[in-house]
Amino acid sequence: MNLPLQSVSPERRRKFAGLVVLAIVALSVLALPLPLPSAPPADRHFHLQASSFAYQPAVLHVNRGDRVTIEIEAQDVVHGLYLDGYDLQVTAEPGRTAALSFTADRSGSFRFRCPVTCGPLHPFMIGQLKVGPNTLLWKGLALAALAALAGVWSLRR
Ligand SMILES: [Cu+2]
């Protein structure tokens with residue numbers, strides 16, 4: 001059963017229309033590729049502690065075009081790092097540090113793993129390099145701003 005539109009007060013109708021507009025804007029922010037200015041390439045330096053059987057940190061974020069240096073410090077036994085997609089590898093002796101430098105010219109999520117059989121849980125020694133503009137962050141910020149706007153707007157009388 002439908003309520004006749006006339007029975008809804010103009011104020012409520014305005015509020016509803018405002019909510020619809022906000023919802024559409026929020027969905028657009030999520031769905032559309034944002035024309036974000038890409039940050040200029042930067043030098044990014046990471047120091048990874050590698051010990052059986054994990055990297056610390058295990059997830060690295062860079063922007064496309066960044067010049068990346070990954071230093072890996074083997075804390076117990078020989079460990080290494082092989083970066084999928086970029087086909088790069090480095091190995092560090094126990095207690096030593098070895099470095100890998102490259103330009104992150106491919107965007108995406110790339111797994112890295114230990115190329116040295118370092119023990120029983122060796123296959124689980126993995127990490128991730130994420131290359132790309134951090135659009136999720138921007139979209140999150142945009143949504144937060146929208147939510148704040150909606151809050152202010154709904155308080156307005
Ligand atoms: Cu290892």
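**Two sheets, one helix and a nonpolar core**

Let me begin with the sheet that has five strands, which is open and runs in the order β3-β9-β8-β5-β6, with mixed pairing. At its edges stand β3, residues 59-62, and β6, residues 88-92, and each has a single partner strand, so one side of each is left without a neighbour in the sheet. On average, and ignoring direction, neighbouring strands here are turned by 20° against each other. I should say at once that what you have in front of you is a predicted model.

Staying with this sheet, strand β8, residues 108-113, and strand β9, residues 126-131, run antiparallel and are joined by six bridges, and if you look for G108 you will find V131 of β9 opposite. Strand β5, residues 79-83, is likewise paired with β6 in the antiparallel sense, over five bridges, with L83 standing opposite L88 in β6. These two strands, β5 and β6, form a hairpin with four residues between them, and in that turn G85 has a positive phi of about 85°.

Now to the other sheet. Four strands, in the order β2-β1-β4-β7, make up an open sheet whose pairing is also mixed. Its edge strands are β2, residues 54-56, and β7, residues 97-103, each of which pairs on one side only, and the average turn between neighbouring strands, direction ignored, is 25°. Within this sheet, β1, residues 43-51, and β4, residues 67-74, pair in the parallel sense over eight bridges, and H45 stands opposite T69 in β4.

Which residues touch the most other members of the largest nonpolar core? That core has 18 residues, and the ones to look for are L48, A50, I70, I72 and L81. At least two residues of the core come from each of β1, β4, β5 and β9, and the largest share, four residues, is supplied by β4. As general background, nonpolar side chains in soluble globular proteins tend to be buried together. To take one residue from the core, A50, and leaving aside its neighbours within four places in sequence, the contacts are with Y55, I72, E73, A74, Q75, H79 and A92.

Finally, the helix. Helix α1 covers residues 10-31, which is 22 residues, and reaches 31 Å from its first C-alpha to its last, close to the 32 Å expected at 1.5 Å a residue. How many of the residues of α1 are buried? The count is zero among its 22 residues, and α1 is thus hardly covered.

Terms used:
Residues are numbered from 1 along each chain as its sequence is written. This is a predicted model: local features need pLDDT of at least 70, side-chain atom pairs count only at pLDDT 80 or more; totals for chains, interfaces and linings use all residues. Two strands pair if DSSP finds at least two bridges between them. Axes are lines fitted to C-alpha atoms, for helices over the stretch in contact, and angles run from 0 to 180 degrees between N-to-C directions. The expected span of a helix is 1.5 Å times one less than its number of residues. A residue is buried if 20 or more other C-beta atoms lie within 10 Å of its own, exposed if 12 or fewer, and partly exposed in between; C-beta atoms are placed from the backbone. A nonpolar core is a set of buried Ala, Val, Leu, Ile, Met, Phe, Trp, Tyr and Cys residues joined through C-beta atoms within 7 Å. Two residues are in contact if their C-beta atoms, placed from the backbone, lie within 7 Å.
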